[in-house]
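These are my notebook entries on a structure that I am reading for the first time. I set down what I looked up, in the order in which I looked.

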Amino acid sequence: MVNSDSPIKDPWQILEESIIYYYDRPLGTVAACDPNTAPLNYDQCFIRDFVPAALVFLIKGKTDIVRYFLVHTLKLQIKERQLDFLEPGRGLMPASFKVIHEEREQYLKADFGDHAIGRVTPVDSCLWWMFLLRAYVKATEEYSLAHTPEMQKGIRLIMELCLSARFDMYPTLLVPDGACMIDRRMGINGHPLEIQALFYNALRCAQELLLDNPENEKINQALNNRLTPLGVHLRHHYWLDLERLNIIYRYKGEEYGENVLNQFNIYSDSIPYADLSEWLPANGGYLVGNLGPSQLDCRFFSLGNLVAILSALVTQKQAEAILNTIEKKWNDLIGFMPMKICFPALKDRDWQLLTGCDPKNRPWSYHNGGNWPVLLWLLVAASLKHNRPEIAEKAIEIAAQRLPQDEWTEYYDGKNGRLVGKEARKYQTWTIAGFLLARELMDNSQCLSWISHN
Ligand code: GLC
């Protein structure tokens, strides 16, 4: 059982103190309030970081902050087509923003990755925004907010941006490296799972929220046409279990034509089949990290797999297999802090080539196999969705033992997540919010319907 007497240093107050205001009204939360580290851009409100905090506020009936956030971040979305094509694409939403005070005026300054380290594109922002808008209307039943002309236009622009034809042959989204929670080079360019799962989820949210009217007709049709092939593609080509591993292991290369088995020309020497054949539990499986020509990235990425469960991108059976994998590979995927952002870490020459020798992303650190407590809420939600409360309880118990003492660390390092992250911030808002949300979900499982699909 979860010990409710653990010495929690009032995380609610820390969350409250992280709130930022715009014209005296609460609008979002800063990424971190670590008094001992230079803020860089952690004093900004990140769209992805605000999601767990927003869900906590919704559960607690503090709906205004979420509404205000949705309305004002929508205003930051790129609305016009730029003639010089030097601006970000129409529909894109910023990674983060801050409130600038100028004499008596205030305005929001957005970062579309044009200031961020590595100039990474925040592809996931608009997808998380859709996730939150749907959660808001489900929680408040204020469907009229999503039905305003401004919101409908915003959703349409996001859909147009995602669904427009580009240089690509797959139903998935082609994106640059670092376009999501992992916002540094980590060899996840192409068709990374995290973006695909969020994309699938966003399509499902848009399906619910877009009105059936002549203005939306084309986009409604386009998104309906995309959902099925996207789901089929991911459930089939990204799925890895012992049965699939056996098939891939015996793949023939150089097959040409429409009905070949090895469509992506995967050479089994390129995947760690010996390790995988030992590691994969008999009743387990998961969605791999990426797929492209002669490329199957077999790393386990937690966020993508958990969102795939919540959005019902994977079947019931696959969802259970993913949860079995987490349960059976507990030491690898959870260890001393739920949970690993990805497993295993890139090492040696892979680390050099795929991260660009990034010292922050050394093996088993930060994005490269670090443990991120923010992922706890997703693990808890996915476990509860499939009636596995024991996974959720155990994970919360582990987190509760360390997070308050470690002052709500951003991430942990080491193969088993036992070290406080080398450059991790303390008082990281989404660590606090993710923990509070995980506990709230245990007591308010009806809220699961705001963030999941059947
Ligand atoms: C790091 C994380 C990113 C997060 C940001 C602010 O850059 O990789 O996902 O949004 O910190 O917390």
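**Sheets**

I began with an open sheet of three strands, in the order β3-β4-β5, whose pairing is antiparallel. I note that the model is a predicted one. At the edges of this sheet I found β3 (45-46) and β5 (105-111), each of which pairs on one side only. I then looked up how β3 meets strand β4 (residues 96-102): the two pair in the antiparallel sense over two bridges. For F46, I recorded S96 in β4 as the bridge partner.

I turned next to an open sheet of four strands, with the order β6-β7-β8-β9 and antiparallel pairing. Why does one side of β6 and of β9 lack a neighbour in the sheet? Both β6 (239-240) and β9 (342-343) stand at the edges and have a single partner strand each, so one side of each is left without a neighbour there. I traced the contact of β6 with strand β7 (residues 286-292) and found antiparallel pairing over two bridges. W239 has L287 in β7 as its bridge partner.

**Cysteines**

How many disulfides does a search of the whole structure find? I entered zero. I recalled that a disulfide is a covalent bond between the sulfur atoms of two cysteines. I checked C126, which is in no disulfide; its nearest cysteine sulfur belongs to C162 and is 4.9 Å away. I made the matching entry for C162: this residue is in no disulfide either, and the nearest cysteine sulfur, that of C126, lies 4.9 Å away. The cut-off for a disulfide is a pair of cysteine sulfur atoms within 2.5 Å, so I could not count a pair at that distance.

Are these two cysteines buried or exposed? C126 is buried, with a relative accessible area of 2%. C162 also counts as buried, at 5% relative accessibility.

**Aromatic pairs**

I searched the whole structure for aromatic pairs and recorded 18. One of them joins Y22 and Y23; this pair is tilted, at 5.1 Å centre to centre with 50° between the planes. Y22 is buried at a relative accessible area of 11%, whereas Y23, at 38% relative accessibility, counts as partly exposed.

I then looked up the pair of Y170 and F264. Their ring centres are 5.4 Å apart and their planes stand at 70°, so I entered the pair as edge-to-face. Which parts of the chain does this pair tie together? Y170 lies in the loop between α6 (149-163) and α7 (193-209), and F264 lies in the loop between α9 (242-249) and α10 (273-279), so the pair ties together parts that are 94 residues apart in sequence. For Y170 I noted 19% relative accessibility, which counts as buried. F264 counts as buried as well, at 10%.

I also followed ring pairs that link several residues into a cluster: W279, Y286, F300, F343 and W364.

**Charges over rings**

My last entries concern arginines placed over tyrosine rings. The charged end of R25 sits over the ring of Y68, at 4.1 Å from the ring centre. The charged end of R425 sits over the ring of Y42, at 3.8 Å from the centre of that ring.

How values were computed
Residues are numbered from 1 along each chain as its sequence is written. This is a predicted model: local features need pLDDT of at least 70, side-chain atom pairs count only at pLDDT 80 or more; totals for chains, interfaces and linings use all residues. Side-chain values use heavy atoms; hydrogens and water are left out. Two strands pair if DSSP finds at least two bridges between them. Buried means under 20% relative accessible area, exposed over 50%, partly exposed in between (1.4 Å probe, protein chains only). Rings of Phe, Tyr and Trp (its six-membered ring) pair if their centres lie within 6.5 Å; planes under 30 degrees apart count as stacked, over 60 as edge-to-face and the rest as tilted. A charge sits over a ring if NZ of Lys or CZ of Arg is within 6 Å of the ring centre and within 35 degrees of the ring normal.
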